[in-house]
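These are my notebook entries on a single chain, written down in the order in which I looked things up.

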Amino acid sequence: MTYPVDRIRNFCIVAHVDHGKSTLADRMLMLTELVDPRNMRAQYLDKMDIERERGITIKAQTARLPYKPLGDIADEYLLNLIDTPGHVDFSYEVSRALNACEGAVLLVDAAQGMEAQTIANLYLALEADLEIIPVMNKIDLPAAQPEVVAREIAAIIGGEPEDVLRISAKTGEGVGAVLDAIVDRVPAPKGDPAGPTRALIFDSVYDPYRGTLVYFRVVDGEIKPGSKIRLLNTGFEGEVDGLGVHSPEETAIPALGVGEVGVLSAAIKKVSQAKVGDTITLAGKGAKDVPPLPGYREPLPMVFSGLYPVDSDDFPMLRDALDKLQLNDSSFTFEPETSAALGFGFRCGFLGLLHLEIITERLDREFNIPLVATAPSVRYRVQLEHGTDAETGGPQIVEVSNPQDLPEPNQIAQISEPTVKAMILTPSSYVGPVMQLCEGRRGKMLAMDYLTEERVELRYELPLAGIITDFFDQLKSMTRGYASLDYERGPYVPADLVRVDVLLNAEPVDAFSSIVHRDDAYAFGKSMTEKLKELIPRQMFDVPIQAAIGAKIIARETIKAKRKDVLAKCYGGDVSRKRKLLEKQKEGKKKMKSVGSVEVPQEAFVSALRSSGPKSD
């Protein structure tokens, strides 16, 4: 069925993790009778096992919902739902999905209230000039506080508490009113049906049989099967060999016009050729003159970690596995690197810690490759003491994500580290501990606002390296789980950073090196030496474990040697006999120490690297 533009509504659902977004989408599918009740399952739009197990959305999904509002029997509306990720790591994908919509359902848990990620995505929706429909979910819970939460929502977006729709996605109560509000309040798409074709890519996935599948929304013109298309930013050209919509399973369609959302295939071999935010137009002489849709930028990795196979024979398998994962995720990057301790591996770039967890879990689950992951690090900018940049003529600057690549101290003029602008929502009774935690991570307060008498919004500029290890865990534990965190990229700022090396028997072990702030160096070094003393088994000789900054030792622990009782056979006689045997043993230990090597079990690497970030007191 073809729908006129004035009967199309494009909307998304903005919500924090676990506020019921996927459950609401399931209920909408049932209410519009798109899915047979016998085939219905929870989180119907989430396709990946990890999404189901963790209860989060990782990849955006779409659903085309035909809907007849109550009292409007004659006319049917087309509602295009774009289900977006809610986690901060995928905020760029969220912003592109929002640009493909005209309205957003702001979904808030009646028991938990507004969360930091909800507010951050709400700001993105307001920047995209979307119509906001406030909805309060889980009103059937015993712990629900509908009046308090309604006032909180109204205070943030403006309006009255009575304007907030109250629903239970679990039971279906009030969901019909949400669909009616979408029809009444979300504006119809705008575009020129006769103009040059332009469509916005908001997601892409790799299919082993069809190549890359591109999810898009048509802004101007029309796209049909057989059309030759061009992607303006990557320059790819190809013929559309498949055009469809998700309703909610993929269904072929003869054409898609202004405001419609669909999926196409065009023999695109890599996801990197169809990146999120790119513009689709028809290929031809005037294709290069078509203005691209605004907002395209490359997704930049923020967190870096080395991935090494436990068994060196698995290295070719790991390379093939990373190649396959990159087909599905263009924001994931990797390049080969070598470690003297761990052998051959890859330096991988991720959007954040959740992204890192998902990739490593998929490697273990889908490819069955046991891995050692080095401690997460960030990308630093190092200004060299000597050298000139060929392009700008200014001082030479190199980017470093691996501690081993950091130049010698006498070659460094300045090191800058990336920062984030963090937003923390917390109950007012926990403001003091939260501020202490942020200042312990070298944070700088930007603002503090009371949203209500009980809820406070804190804004801090924090070093990215200070929050990627255990910051979120500590924030949750000290606020009994009530605080929430969201952040966005900030500027690079100069900092007093040093590389701390760990030496075993006077030999540096590159896998344990880390770049930390000078004020945290002693605590980090002491923590690593104490941890390794517990993890490394005793050898036949004393093993010193040292943490050093350059040639200066800042912490030390010693693993005492195994000792054979050489005096057991000395049952009597002069004391010189005992001394002679002890001296002989001492000489043997000294010789063994000079030629022997320390055996570090693989479990020690895994345990030590799992939580080797600097801790705050």
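**Entry: two residues with positive phi**

I began with Arg442, which is partly exposed in this predicted model, its relative accessible area being 30%. I placed Arg442 in the loop that runs between α9 (431-440) and β22 (444-450). What made me stop at Arg442 was its phi, which is near 65 degrees and so positive in a residue other than glycine. For context I noted that most residues other than glycine have a negative phi.

I then turned to Lys138, which is not a glycine either and has a positive phi of about 65 degrees. Lys138 also sits in a loop, the one between β5 (131-137) and α5 (146-157). Is Lys138 buried or exposed? Its relative accessibility is 19%, and because the cut-off for buried is under 20%, Lys138 counts as buried.

**Entry: the chain as a whole**

Before going further into single residues I took down the totals. The chain holds 13 helices and 29 strands, and 52% of its 617 residues count as buried. About 28800 Å² of the chain is exposed, and carbon and sulfur atoms supply 50% of that area. I also looked at how contacts are spread along the sequence: among those with a separation of 6 or more, 70% join residues that are 24 or more positions apart.

**Entry: the cavity**

Next I looked for enclosed empty space. Rolling a probe the size of a water molecule over the atoms shows where empty space is left. How many cavities of 30 Å³ or more are there? The count comes to one, and the volume of the largest cavity is about 40 Å³.

I listed the residues that line the largest cavity as Thr62, Ala63, Arg64, Asn80, Leu81, Val245, His246 and Val261. The elements that contribute two or more residues to this lining are β2 (61-67), β3 (77-83) and β11 (242-246), and β2 supplies the largest share, with three residues. By type, the lining of the largest cavity divides into four nonpolar residues, three polar and one charged.

**Entry: lining residues one by one**

From the lining I picked Thr62, Arg64 and Val261 for a closer look. Thr62 belongs to strand β2 and is buried at a relative accessible area of 6%. I computed the C-alpha to C-alpha distance from Thr62 to Cys12 as 9.2 Å, for a pair that is 50 residues apart in sequence.

Arg64 is also in strand β2, and with a relative accessible area of 8% it is buried. What does the side chain of Arg64 make a polar contact with? Its partner is the side chain of Glu260, at 3.2 Å.

Val261 lies in strand β13 and counts as buried at 5% relative accessibility. Setting aside residues up to four places away in sequence, I found that Val261 touches Asn10, Thr62, Asn80, Ile82, Phe202, Phe216, Arg217, Val245 and Leu256. One of these, Arg217, is 44 residues from Val261 in sequence, while the two C-alpha atoms are 4.4 Å apart in space.

**Entry: further along β13**

I stayed with strand β13, which covers residues 261-265 and includes Ser265. Ser265 has a relative accessible area of 2% and is therefore buried. The side chain of Ser265 makes a polar contact of 2.6 Å with the side chain of Asp241. Beyond its neighbours within four places in sequence, Ser265 is in contact with Arg210, Thr212, Leu213, Glu239, Val240, Asp241 and Gly242.

**Entry: Arg499**

The last residue I looked up was Arg499, in strand β25 (residues 497-504). The side chain of Arg499 makes a polar contact with the side chain of Asp501 at 3.1 Å, and a polar atom of the Arg499 side chain lies 3.3 Å from the backbone oxygen of Pro403. With neighbours within four places in sequence left out, the contacts of Arg499 are Pro403, Gln404, Leu406, Ser514, Ile515, Ala548, Ile549 and Gly550. For Leu406 I also recorded the separation from Arg499, which is 93 residues in sequence and 7.7 Å in space from C-alpha to C-alpha.

Methods:
Residues are numbered from 1 along each chain as its sequence is written. This is a predicted model: local features need pLDDT of at least 70, side-chain atom pairs count only at pLDDT 80 or more; totals for chains, interfaces and linings use all residues. Side-chain values use heavy atoms; hydrogens and water are left out. Helices (H or I, at least four residues) and strands (E, at least two) are DSSP runs, numbered from the N terminus. Buried means under 20% relative accessible area, exposed over 50%, partly exposed in between (1.4 Å probe, protein chains only). A polar contact is a pair of N or O atoms within 3.5 Å; within protein, one must be able to donate a hydrogen and the other to accept it, and residues adjacent in sequence count only if both atoms are side-chain atoms. Contact means heavy atoms within 4.5 Å. On a 1 Å grid over the protein atoms alone, a cavity is a set of points where a 1.4 Å probe fits but cannot get out, and a pocket is an open set with protein on both sides within 12 Å along at least five of seven lines; lining residues have an atom within 4 Å of a point. Grid points are joined across faces, edges and corners, and a volume is the space filled by probe spheres set on the points. Ala, Val, Leu, Ile, Met, Phe, Trp, Tyr, Cys and Pro count as nonpolar, Asp, Glu, Lys and Arg as charged, and the others, Gly among them, as polar. Accessible areas come from the Shrake-Rupley method with a 1.4 Å probe; for residues, only the protein chains shown count as cover.
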